[in-house]
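Got the viewer open? Let's take a short walk through this one, selecting a piece at a time.

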Amino acid sequence: MNRTAPQGPDPSAPLLQVRGLKTHFHTDRGVVRAVDGVSFDLARGEVLGIVGESGSGKTITSLSILRLVPGPGGRIEAGSIRFKGMELLTKSDHEMRRLRGAEITMIPQDPMTSLNPVYRIGDQIGEPLALHQKLKGSALAQKVLSTLKLVQIPSPRRRMREYPHQFSGGMKQRAMIAMCLSCQPSLIIADEPTTALDVTIQAQILLLLKGLQAELRTGIIFITHDLGVVAGMCDRVAVMYAGVIMEQADVHTIFKNPLHPYTQGLLASVPKMGRKQGRLMTVPGQPPNLLNLGRGCRFAPRCAQAEPRCHEEEPRTIRVSEGHNLRCHLAETG
Amino acid sequence: MRRFPVAGGGILVIFILAALFSPWLATHDPVKQDLANTLMPPAWQQGGDASHLLGTDNLGRDIFSRLVHGARVSLLVGILAVSLSLVVGTWLGLLAGFFGGRIESIIMRLTDMQLAMPFILMAIAIVGALGPSTRNIVIVLAVCNWATYARLIRGEVLSVRQNEFVELAVVNGAGTGRILFLHILPNVVNTLIVMATLDMGRMIIFEGAMSFLGLGVQPPQPSWGNMLADGRAYLSVAWHLATFPGLAIMLVVLGSNLFGDWLRGFLDPQRKKFLAGGRA
């Protein structure tokens with residue numbers, strides 16, 4: 001791979017290529033290695049699910065891609081993020097601003113506070129269009145209207161003149177998706193976009209997102225801890241734990257043939273319908289303190305299958321089969 | 001949605017018109033003394049005269065004419081002082097609340113210093129340095145008042161920026177200026193309006209206090225503040241000297257509060273739906 005990245009987008013390059021990404025937080029008590037060497041690829045029109053417990057670095061990974069690591073003390077320390085072949089980590093703030101909303105965007109978690117209460121829905125959805133495509137007046141209104149139709153908001157002509165408080169939670173989420181889609185970005189990061197919604201509305205929104213993704217050939221990074229959503233939405237899954245990807249494979253492999261003990265534990269903790277179960281299964285123990293990680297595998301203290309060397313030596317990421325990566329000693333020995 | 005406050009708006013309109021057209025409304029020259037007719041009671045009292053509607057003061061000047069001319073000074077000082085401190089305070093509050101860190105520390109320590117300083121001391125110091133004049137009163141009042149706005153707005157910004165719409169705007173490529181002025185500022189305007197309309201009255205009263213100390217509007221030019229101050233000495237023999245300017249201040253404060261309350265509701269999208277008779 002050549003080190004000097006071309007400045008313009010390269011149509012042959014994969015949509016997103018993250019290599020060895022490290023994002024650390026320098027705090028008074030030491031360095032928190034929130035993201036500690038994450039690598040993955042995303043093709044055009046592909047949906048990658050990132051799953052993991054709270055604090056495993058899912059959100060920081062996605063904020064790093066947008067170059068919006070929260071300060072103070074947060075910094076991308078190492079790695080490379082190539083978007084359509086362009087290195088994002090060396091771009092200026094101004095160049096990043098022009099990419100955000102136009103090419104890369106993020107659907108936030110909470111639809112309730114994600115719309116500005118003082119503006120009409122139509123004006124807000126039009127903001128990325130006004131910023132990036134410099135649309136004005138009736139051309140802008142037309143585009144906003146068609147975007148609202150895209151996300152299936154009923155009577156969009158009337159709805160675009162309403163204020164956020166007149167929208168229900170599900171409608172707000174649709175409006176936000178409309179806002180994020182308005183410039184037709186090629187990469188959307190969806191950070192648990194449905195956790196704040198009712199289950200029935202969740203299903204609607206996910207279906208909508210999946211449909212739009214197929215229609216517009218958008219790449220999506222789907223961050224969630226809901227494995228049911230992963231099964232329905234994603235093409236590939238990356239399981240994160242304590243800042244690293246423990247296992248990465250296509251969705252069928254992850255569900256049928258999980259190799260990492262942590263993935264197995266996560267899957268076992270999903271209650272099964274129709275099966276009589278005494279207690280719910282859990283992965284015992286707590287996630288490690290990212291301030292002082294031990295020498296061995298990060299998961300070893302909670303791992304039921306841990307061997308002595310798991311506590312001594314950190315495993316490397318190995319390729320088990322095409323598209324199936326694993327970070328575990330047990331698989332190496334077979 | 002409440003209806004337009006006819007009384008509150010009406011009072012304000014009447015006083016603003018009075019201030020604008022004072023040379024034509026006044027029946028007498030407001031500074032002309034008439035030592036033969038001092039302390040005349042209002043026209044409807046015994047000893048009153050129809051030519052002096054609200055009576056005369058201790059130097060025989062017509063109180064109605066002085067009141068009408070004083071409206072000009074008092075309203076001007078009130079409006080300018082509020083606007084100036086609002087603009088400065090809001091700017092600093094926005095910066096402090098949004099950027100945090102060192103910028104916030106510096107601005108907030110400045111406001112602490114400002115708020116710890118007694119108003120009168122500051123007023124004496126500034127007027128002592130600049131000399132008393134209407135312009136300098138506005139400066140004094142603004143200097144003594146911006147800190148409350150800065151504090152208030154900083155607090156509001158801290159809470160508004162927690163909303164995800166701010167993050168969403170960043171994610172969609174909005175720059176810092178756009179986020180501050182187009183996304184955060186409109187969300188704190190309501191607070192500003194309430195604060196400013198309440199402050200209007202305070203500023204007029206402060207102008208009076210300064211004039212009372214001889215630091216404000218200089219005699220013989222009339223302002224409601226110095227009329228009130230002059231009248232105080234004669235309260236036991238001539239009630240009308242202090243009562244009418246006091247009443248004028250009270251009415252303007254009341255009017256601006258009623259108007260501000262209505263304006264706040266008018267600008268709040270959540271309340272607009274009641275105007276339309278509920279959600280269609």
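Start by selecting residues 58-65 of chain A, which is helix H1(A). You're looking at a mostly covered helix in a predicted model: eight of its eight residues are buried. Show the side chains and click along: Lys58(A), Thr59(A), Ile60(A), Thr61(A), Ser62(A), Leu63(A), Ser64(A) and Ile65(A) are the buried ones. Next, step past the end of the helix to Arg67(A), which follows H1(A) and has a positive phi, near 60 degrees.

Now zoom out and colour chain A by secondary structure. You'll have 13 helices and twelve strands to look at. With a radius of gyration of 21 Å, close to the 20 Å that the globule rule gives for 334 residues, chain A is as compact as a globular protein of that length. Along the principal axes, its C-alpha atoms fill a box of roughly 70 × 55 × 40 Å. If you colour by burial instead, 43% of the 334 residues of chain A count as buried. Fancy drawing a contact map? Take the contacts in chain A between residues at least 6 apart in sequence: 65% of them join residues at least 24 apart.

Next stop, the place where the two chains meet. Select the 27 residues of chain A in contact with chain B, along with the 19 residues of chain B that they touch. Which elements of chain A give two or more residues to this side? They are helix H2 (93-99), strand E6 (104-107), helix H4 (127-132) and helix H7 (169-181) of chain A. Put H4(A) in a colour of its own, since its four residues are the largest share of the side that touches chain B. Colour that side by class and you get 14 nonpolar, eight polar and five charged residues.

Last, hop over to chain B and pick out two helices, H3(B) at residues 63-99 and H10(B) at residues 240-267. Their axes come within 11 Å and cross at roughly 30 degrees. That angle is under the 35 degrees cut-off, so H3(B) is roughly parallel to H10(B). As for handedness, H3(B) passes H10(B) in a right-handed crossing. To see the contact itself, show Ile63(B), Leu67(B) and Gly70(B) from H3(B), then add His240(B), Phe244(B), Pro245(B) and Ala248(B) from H10(B). How do these residues divide by class? Five are nonpolar and two polar, with no charged ones in the contact of H3(B) with H10(B).

Definitions and conventions: Residues are numbered from 1 along each chain as its sequence is written. Chains are lettered from A and ligands numbered from 1 in the order in which they are written. This is a predicted model: local features need pLDDT of at least 70, side-chain atom pairs count only at pLDDT 80 or more; totals for chains, interfaces and linings use all residues. The radius of gyration is taken over C-alpha atoms; the globule rule is 2.2 Å times the number of residues to the power 0.38. A residue is buried if 20 or more other C-beta atoms lie within 10 Å of its own, exposed if 12 or fewer, and partly exposed in between; C-beta atoms are placed from the backbone. Two residues are in contact if their C-beta atoms, placed from the backbone, lie within 7 Å. Axes are lines fitted to C-alpha atoms, for helices over the stretch in contact, and angles run from 0 to 180 degrees between N-to-C directions. Angles under 35 degrees count as roughly parallel, over 145 as roughly antiparallel, 65 to 115 as roughly perpendicular and the rest as oblique. A crossing is left-handed if the near helix is turned anticlockwise from the far one by less than a right angle, and right-handed if clockwise. Ala, Val, Leu, Ile, Met, Phe, Trp, Tyr, Cys and Pro count as nonpolar, Asp, Glu, Lys and Arg as charged, and the others, Gly among them, as polar.
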